Amino acid sequence: MPHHQTALRLIAPVAVLALTLTACGGGDTADAKSKGTAQAKTSPSPEPTSGGEMGTGESATGKVAEDPGEVTYEVLAQKVEVGTEAEAAKAVSEPDKVKGKALAVAYVKYTHKSGPALTEGSDVHDGTTVFADGQRGTVLIGASEDAAGCEDPYDVESWKQGESHVFCETYVVPANAKSVEVHWSEEDGEPYIWKFPNG
C-alpha cells in the first residue's frame, strides 16, 4: 500500500529515527550487493543490466510493481545535502542518539517512462537508501517533506507517463563521512549507485 506511512508522518511532531536496520537486513545484504556490483564491474559492459555505479547526471532505468501494474521509471540521484550535527540534534526526538552524526538529504528525480498511469501514489522511492563511506545510514522518517524542492510521495495521486517528481530521503550519517552514496534498486535487483563527495 503506498499510503502505509502517511499516519506516522502526520502525527510525528519531530522526525523519528528508525533504529530497525538490523531487522531490515540493512548491513550484510547491502554489503553483499556492493561486493557483487564490484565483481560485475570487472567484466566490461556498455551498460549495466541491473545495478552498478552511475556517473554524475546519469540516469538508471528500472521497473516497479505498482497498482494498477508494472511501471518503468527513469531514476536520477540529483544531489545530497549534508547538514550539521546541530541540525541533526534539533530534528530528532532523542538528540543523544545522533551525536557525531549529520542529516543527509538525497534528492532523487523519478520519471514515469512507460506503464499505466498511477492514481493512488507510487512505491518507486521505497528502493532508495543512503550510504556514507560504504555504510548504510539510518533513515529519518518524516523529515524531508519540508525541504525546498522535495515533494511528498504520498501527495502525488496522479502520475502519467512522461511526468517527473523529485522525492527526498533523509538519513542520519557520520558527520565526518568523506562521501555519501545514493542507492536505488528494483525489487531483488542490484543497486544503482551515485557517489557524492561530502564537503
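Here is a short tour of some strands and salt bridges in this predicted model.

**Stop 1: strand β9.** Select residues 164–174, which make up β9. Nine of these eleven residues are buried, so the rest of the structure largely encloses the strand. Now add residues 101–114, strand β5: it runs antiparallel to β9, and eleven bridges join the two. To find one pairing, pick Y110, whose bridge partner in β9 is H165. Next, add β8, residues 138–141, which also pairs with β9 in the antiparallel sense, over two bridges. Here T138 has V172 of β9 as its bridge partner.

**Stop 2: an open sheet.** Five strands line up in the order β2-β11-β10-β6-β7, with mixed pairing. Which strands stand at the edges? Colour β2 (52–54) and β7 (135–136): each has a single partner strand, so one side of each is left without a neighbour in the sheet. Then select β10 (residues 179–184) and β11 (residues 192–197), an antiparallel pair with six bridges. S179 is matched with P197 of β11 there.

**Stop 3: salt bridges.** How many salt bridges does the structure hold? There are four. Show the side chains of E53, E181 and K195, which are linked in a salt-bridge network. Between K195 and E53, the closest N and O atoms are 3.7 Å apart. K195 sits in β11 and E53 in β2, 142 residues apart in the chain. Turn to E181 and K195, where the closest N and O atoms are 3.8 Å apart. Is E181 buried or exposed? E181 is buried, at 10% relative accessible area, while K195 is partly exposed at 43%.

Key: Residues numbered from 1 in each chain as written. Predicted model: local features only at pLDDT ≥ 70, side-chain atom pairs only at ≥ 80, totals over all residues. Heavy atoms only, no water. Buried < 20%, exposed > 50% of the residue type's maximum accessible area, 1.4 Å probe, protein only. Helix = DSSP H or I, 4+ residues; strand = E, 2+ residues; numbered from the N terminus. Pairing = 2+ DSSP bridges.
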